[in-house]
Amino acid sequence: MSEPIALSMSHVYKKFRRGEYHDSLRDLIPALARRAMRAGGEALEGGEFWALRDVSFDIQRGEAVAVIGHNGAGKSTLLKHLTGLIRPTQGTITVNGRLSALIEVGAGFHHDLTGRENVFLNGVILGMSRAEIRRKFDEIVEFSGLKEFIDTPVKRYSSGMFAKLGFSVAAHMEPDILIVDEVLSVGDYAFQTKGVEKMRSIARSGATVVFVSHNMKAVRDLCPRAILLKHGTLVQDGSTSDVLRTYMEHAKANTSAESAPDVRLVGVQMRGAEGERLDFEAGETADLEIEMEAGPAPAQVDVQVTILNEYLWEAFMVSSRALGLGPIELEAGARRKVGIRLDLHLAPGTYHVCVALRKADLTKVYHRVEAATTFVVTSATEIWGICHLQPRVIAA
Amino acid sequence: MSHVTKLLEYKGLLYMLAWRDVRVRYKQSVMGILWAIFMPMLIVGAGALVRFILAEFTQTKVSAEDLASVMVRAVVWAFFMSAIRFGTNSLVTNSNLVARMAFPKEGFPIAAVLSSLFDFAVAAVVVILVLAAIGALSGAQALWALPLLVVMVVQAVGFALLMSSLNLFFRDVKYLVEIVLTYAIFFTPVIFSSDMLGKWEPLLLLNPVAPLIEVIADVVVGHRMPPLYWLAYSTVTSVLLLVGGYALFKQLEAKFAERI
């Protein structure tokens, strides 16, 4: 297994058909007749669309690569091609090594069987041999934390327990290539941390990892390289920070082009004393000005502000309700500004302001913009981290 | 064939799927494993009833050998019905796994046949004990049944591969299969034996299952070796069915995940 390239896709195209297929023999005859008269392959028929369009990349052995993109961009389709579940319409896919996919937690679990029985069932489905599972059984149960319930039928498990057991089995595969699709969000916080750590150890052991997730922090932590998909096309392939920046910018551009929501975010600005500013000293006071506009009906709004650092960690989050503002009343079609004054005790770096306009009873999000505005914080003192605690030496 | 080597890598999966089907079928049920005996006994009962009625009309007697023959045929036929029925639905029933996981999907129809084979084994043991008790077994000749059972499984797997792949794309296949299975009792020698058909006996050959059942019954309780011609015919059709069914299955497998 000396091949340097573990995974490769070369000019892969995949088209799907919208709507229903012919599900009965009654429709087959006319369909076959139609197919016989067509050449097939290249062009799009009525109702078809490209799920993947000219996707090419190479992944070296031992690399950890993230695949990110908006919902429907083709991430899961791409993964399914790598696992061999789907064949491309055009193009080639090469896989060198034992591949295991963590696409669904608890795949194959049967409700009537006990946890123990399901561990074996799930394990063989994922590609482990029964001997291997027997060897690792205690470890798997230990990791899941479900030792006392392992002989209970899984239909009695809570959804969290279900997910933990499933993830635990999958985490103990020893593949050459590991493909993970959005499964790190199962379980409670403690379990999630364990999950990320396990993924990291698998990556460190030399396995090639392909990771699809919306959890930007996890992506950032695990993968130095990322691939950005947009509507089936590979838009960018490079360092994770670069790709994430593009992703955020695209997200911002998209949301401002949305068709009339009930309440719309019109403008977000960071302002100093004299007006709009993008640079601030650590500790300076800045005003965050948020302007919103109601749609055809009056609304009651709660504003949630999140400030993210360049690693997309949430440095600070507050809502208008927490500030004692109460529901912000908007008449139909009216505009309104909300201003929040902040003391920017932040470490030097780039920060993004994310604003979400929510219904006052918190049942609905009207409009959310991930990177509504960006500002930079500088500091004379060399400070590193999340916040600036204004250190002064009092004794030496 | 490389497909077979790949499948053998997953033999643990085959075992687990078959095991799962059997386990789930009998968990939380009162009668449990007795169902495996109950079904064939119902068919035996129906066969015996028809024989007795026929005997009344034709003024002949029903011999113990006739009844023994019906028992053997019923058990084999119950296997085929179960294997074909579960086999046809095996992919659709496991649609979640077919759509999301990548592994050789023939595991499903094969596991369906294996779980039906388990039921068959239970019923067969009971039948053999009864036959031995009443002295109807053909002695050492009955051991020929073992290679014939292999042919039986091969044929069932062939059917299951063929039907399951078709059923995935055309969901009415399972209804067609049900209808055929219901009426099959008329053109399969279960409650009658092929020699009762007289000059129409060769027509039975159109049903690939028929000569096999006839041959197995002959060998186990018939005290005679079956005609070599029928033996060869059964074996050849089974192998063709397996090879053809498997080839079609693997050809269509590429589209399973998208179409299920």
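1. Burial in chain A. Of the 396 residues in chain A, 45% are buried. Please keep in mind throughout that this is a predicted model. The secondary structure of chain A comprises eight helices and 18 strands. If we look at contacts in chain A with a separation of 6 or more, 72% of them join residues that stand 24 or more positions apart.

2. A buried threonine in a strand. A:Thr373 sits in strand E18 of chain A, which covers residues 365-378. Its relative accessible area is 8%, and because buried means under 20%, A:Thr373 falls in that class. Leaving aside residues up to four places away in sequence, A:Thr373 touches A:Val268, A:Met270, A:Tyr351, A:His352 and A:Val353.

3. A buried threonine in a loop. A:Thr114 makes a nice companion case. This residue is in the loop of chain A between strand E5 (99-102) and helix H3 (115-126). Its relative accessibility is 10%, so A:Thr114 counts as buried. Which residues does A:Thr114 touch, not counting those up to four places away in sequence? In chain A they are A:Ile150, A:Asp151, A:Thr152, A:Pro153 and A:Val154, and chain B contributes B:Lys27.

4. Cysteines. Should you be looking for disulfides, there are zero over all chains. Two cysteines of chain A are worth a glance on the score of accessibility. A:Cys223 is buried at 2% relative accessibility, and A:Cys354 is buried as well, at 4%.

5. How the two chains meet. The contact draws on 31 residues from chain A and 31 residues from chain B. Between them the chains bury about 2,700 Å², with 63% of that on carbon and sulfur atoms. On the chain B side, the residues that lose the most area to chain A are B:Met101, B:Phe170 and B:Glu258, which together account for 20% of what that side buries.

6. Polar links across the interface. How many salt bridges are there between chain B and chain A? The count is two. In one salt bridge, the side chain of A:Lys14 meets that of B:Glu258, at 2.8 Å from N to O. Polar contact between the chains comes to two residue pairs, both at pLDDT 80 or more. As for the elements involved, helix H2 (11-26), helix H5 (95-100) and helix H11 (256-259) of chain B each supply at least two residues of the side that touches chain A. H2(B) gives the most to that side, with nine residues. Sorted by class, the side of chain B that touches chain A holds 18 nonpolar, three polar and ten charged residues.

7. Salt bridges within chain A. Over all chains, the structure holds 28 salt bridges. One pair to inspect is A:Arg277 with A:Glu284, whose side chains meet at 2.5 Å, N to O. A:Arg277 has a relative accessible area of 23%, which makes this arginine partly exposed, and A:Glu284 is likewise partly exposed at 24%. A further pair is A:Arg335 with A:Glu291, where the closest N and O atoms are 3.7 Å apart. Why does this pair tie together separate parts of the chain? A:Arg335 belongs to strand E16 (residues 335-343) and A:Glu291 to strand E12 (residues 285-294) of chain A, so the parts joined are 44 residues apart in sequence. A:Arg335 is itself partly exposed, with a relative accessible area of 45%.

8. A buried salt bridge in chain B, and a network in chain A. B:Glu106 and B:Lys250 form a salt bridge whose closest N and O atoms are 2.7 Å apart. The pair links distant parts of the chain, 144 residues apart: B:Glu106 is in the loop between H5 and helix H6 (107-134) of chain B, while B:Lys250 is in helix H10 (residues 228-253). Are these partners buried or exposed? B:Glu106 is buried at 0% relative accessibility, and B:Lys250 is buried at 15%. Over in chain A, salt bridges with shared partners connect A:Arg98, A:Glu132, A:Lys136 and A:Glu174 in one network.

Definitions and conventions:
Residues are numbered from 1 along each chain as its sequence is written. Chains are lettered from A and ligands numbered from 1 in the order in which they are written. This is a predicted model: local features need pLDDT of at least 70, side-chain atom pairs count only at pLDDT 80 or more; totals for chains, interfaces and linings use all residues. Side-chain values use heavy atoms; hydrogens and water are left out. A disulfide is a pair of cysteine sulfur atoms within 2.5 Å. Buried means under 20% relative accessible area, exposed over 50%, partly exposed in between (1.4 Å probe, protein chains only). Contact means heavy atoms within 4.5 Å. Buried area is the accessible area (1.4 Å probe) that two parts lose on being put together, summed over both. A salt bridge is a side-chain nitrogen of Lys or Arg within 4 Å of a carboxyl oxygen of Asp or Glu. A polar contact is a pair of N or O atoms within 3.5 Å; within protein, one must be able to donate a hydrogen and the other to accept it, and residues adjacent in sequence count only if both atoms are side-chain atoms. Helices (H or I, at least four residues) and strands (E, at least two) are DSSP runs, numbered from the N terminus. Ala, Val, Leu, Ile, Met, Phe, Trp, Tyr, Cys and Pro count as nonpolar, Asp, Glu, Lys and Arg as charged, and the others, Gly among them, as polar.
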